[in-house]
Amino acid sequence: MNLNISDDRNELIRELANVNARLVASEKLKTNFLSNIRNEINNPLAAVLELSKAISDDSLDDEQIKKFARIIHAEMFNLDYQLRNIFFSAEVESGDLQLSVVKVDVKKMIKNVLASFQHQIDKKNLLVFTINNIRHGDNLFDTDSEKLHIIISNLVSNAIQYSDENKSIEIIADVVDGQLEISIKDYGLGIDPENKKMIFDRFRQGQEGSTKNYSGHGLGLSVCQSLLEIIEGELIVQTEPSNGSTFTIKVKRADNESLDDIVLSDNGNDFLFRDPNSMIF
Amino acid sequence: MLVQEFNKHYLYPSSLFVSNSEVVVDTILGSCVAVCLFDSKIKAGGINHYMLPYWNGEGLASPKYGNIANEKLIEKLYKLGATKNSLVAKVFGGANQINSTINVGDRNVLVAREQLETFGIRIISESIGGGVGRKIRFNTHTNEVLLKFLSKKEEK
């Protein structure tokens, strides 16, 4: 009997030590993030300042101007995307996020997201297949539009970023049993099984340190995960190293259920906790 | 007859709300816990709604977790000018699902008590534990909380 108690206690102590190590690591990552963010913002800004000055100098031909404008757009698009993730994660962490349900045209949203990433898709010469299995009547889906948009953007951005050149990306959308399902498959390097959980932690990426080949701050998936919790969804990852990954989101239709619809228990069921003579239960 | 119209706010899980004007905040609790804080001097109140006791380093450090939700709530009230001595707390929720062995509800309540004690904030009333969920309505200006128990089926 005593042995069991001490086993339990040792187990708890081990667990505590693990959690503690993770928290220390997470704090360290936050510090790293804050020191890296400077470069991530300054570099694209410096590029845009230079290029826009060159354009306004009047000495460039049309082709060059177009080329510079494209670079400016790509740099700003990326910065905007990174900042959005940073702001969303800050909002999630501060508890300020609100749910705002509207009817979302999912097909159109996927199309818009892809259009916004077109320059990155072209740059890697990727082929994107979109299969829309959503029946006509289900195309307007009740959920939070802004949050769904940032989730899809992050998954598309990851699929592009981790795809090798000339490969394809497959996107399948469907509504099954009133639940929106969108899966995004890439044929990139996949995820090491031991990293499968870690990629959802903030500021973590599959590859880290000064040798990492990919940009970004490791916020995307943790933002997706948190936003999915808010809109009542889940994220499923299927992956094999060197054989690509499929990220699938499943989102419940928001049922516009208001407080008035909930069932309260019957008689004698109002308790007022008023000051100063509150009842203590 | 005059019906007074209040500003209303529905509080979702993992979020929190603070105001120094009069807002009526509704939320629904199962095993989740909501801590209502009120500063009588500046007439400001705030409420959180967390689902799990402690953040373990996974995902974002959001107020889904009690230790973070309580700290953030206290910080936000301090920013409005609240002080430790004039803040009081009410704690609600933490029901336990019958089939759950880990008693998330109980652990959620424990975190609230421990943290409020650490911060030196007195709990003046509470309705916690049990097997059914609760709906609460908190007035940020008067510190009144109206509580109703849900019927068994509606547990969240």
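**Two sheets, two helix pairs and one contact**

Colleague: Which five strands make up the open sheet with mixed pairing that includes β8(A)?

Modeller: The order is β8(A)-β9(B)-β8(B)-β3(B)-β1(B). Keep in mind that this is a predicted model.

Colleague: What makes β8 of chain A and β1 of chain B edge strands?

Modeller: Each of them pairs on one side only. On average, the twist in this sheet is 20 degrees from one strand to the next.

Colleague: How do you know that β8(A) and β9 of chain B pair?

Modeller: Count the bridges! Pairing needs at least two bridges between the strands. β8(A) and β9(B) have three, in the antiparallel sense, so they pass the cut-off of at least two. You can look for A:Phe273, which sits opposite B:Val145 in β9(B).

Colleague: And what about β1(B) and β3 of chain B, how many bridges join them?

Modeller: Four, and these two strands run parallel. With at least two as the requirement, they count as a pair too. One spot to find on screen is B:His9, whose bridge partner in β3(B) is B:Val25.

Colleague: In what order do the strands of the open sheet with β2 and β7 of chain B come?

Modeller: β2-β5-β4-β6-β7, all in chain B, with mixed pairing. The edges are β2 (16-19) and β7 (122-128), and the twist averages 10 degrees from strand to strand. Inside that sheet, six bridges link β6(B) to β7(B), running parallel. There, B:Ala89 faces B:Ile123 of β7(B).

Colleague: On to helices. Why are α2(A) and α6(A) called oblique to each other?

Modeller: Their axes cross at roughly 45 degrees, coming within 10 Å. Roughly parallel would need an angle under 35 degrees, and roughly perpendicular starts at 65. The angle fits neither range, so α2(A) and α6(A) are oblique. The crossing of α2(A) past α6(A) is left-handed.

Colleague: Which residues of α2(A) and α6(A) make the contact?

Modeller: From α2(A) come A:Asn85, A:Phe88, A:Ser89 and A:Val92, and from α6(A) come A:Gly220, A:Ser222, A:Val223 and A:Ser226. By class, that gives three nonpolar, five polar and no charged residues. Watch out for the glycine: Gly counts as polar here.

Colleague: What makes α1(B) oblique to α2(B)?

Modeller: Try the cut-offs again. The axes come within 9 Å and cross at roughly 40 degrees. That isn't under 35 and doesn't get to 65, so α1(B) is oblique to α2(B). This crossing is right-handed. B:Gly66, B:Asn67, B:Asn70 and B:Ile74 of α1(B) meet B:Asn108, B:Val111, B:Ala112, B:Gln115 and B:Phe119 of α2(B). Four of the residues in that contact are nonpolar, five are polar and none is charged.

Colleague: How many residues does the contact take from chain A and from chain B?

Modeller: 36 from chain A and 35 from chain B. On the chain A side, α1, α2, α6 and β8 each give two or more residues. α6(A) gives the most, with five. That side has 17 nonpolar, 10 polar and nine charged residues.

Colleague: What ipTM and pTM does the predictor give the complex?

Modeller: An ipTM of 0.79 and a pTM of 0.82. For chain B, the mean pLDDT is 90, with 92% of its residues reaching 70 or more.

How values were computed: Residues numbered from 1 in each chain as written. Chains lettered and ligands numbered in written order. Predicted model: local features only at pLDDT ≥ 70, side-chain atom pairs only at ≥ 80, totals over all residues. Contact = placed C-beta atoms within 7 Å. Axes fitted to C-alpha atoms, helices over the stretch in contact; angles between N-to-C directions. pLDDT = per-residue confidence, 0-100. Parallel < 35°, antiparallel > 145°, perpendicular 65-115°, else oblique. Left-handed = near helix turned anticlockwise from the far one by under 90°.
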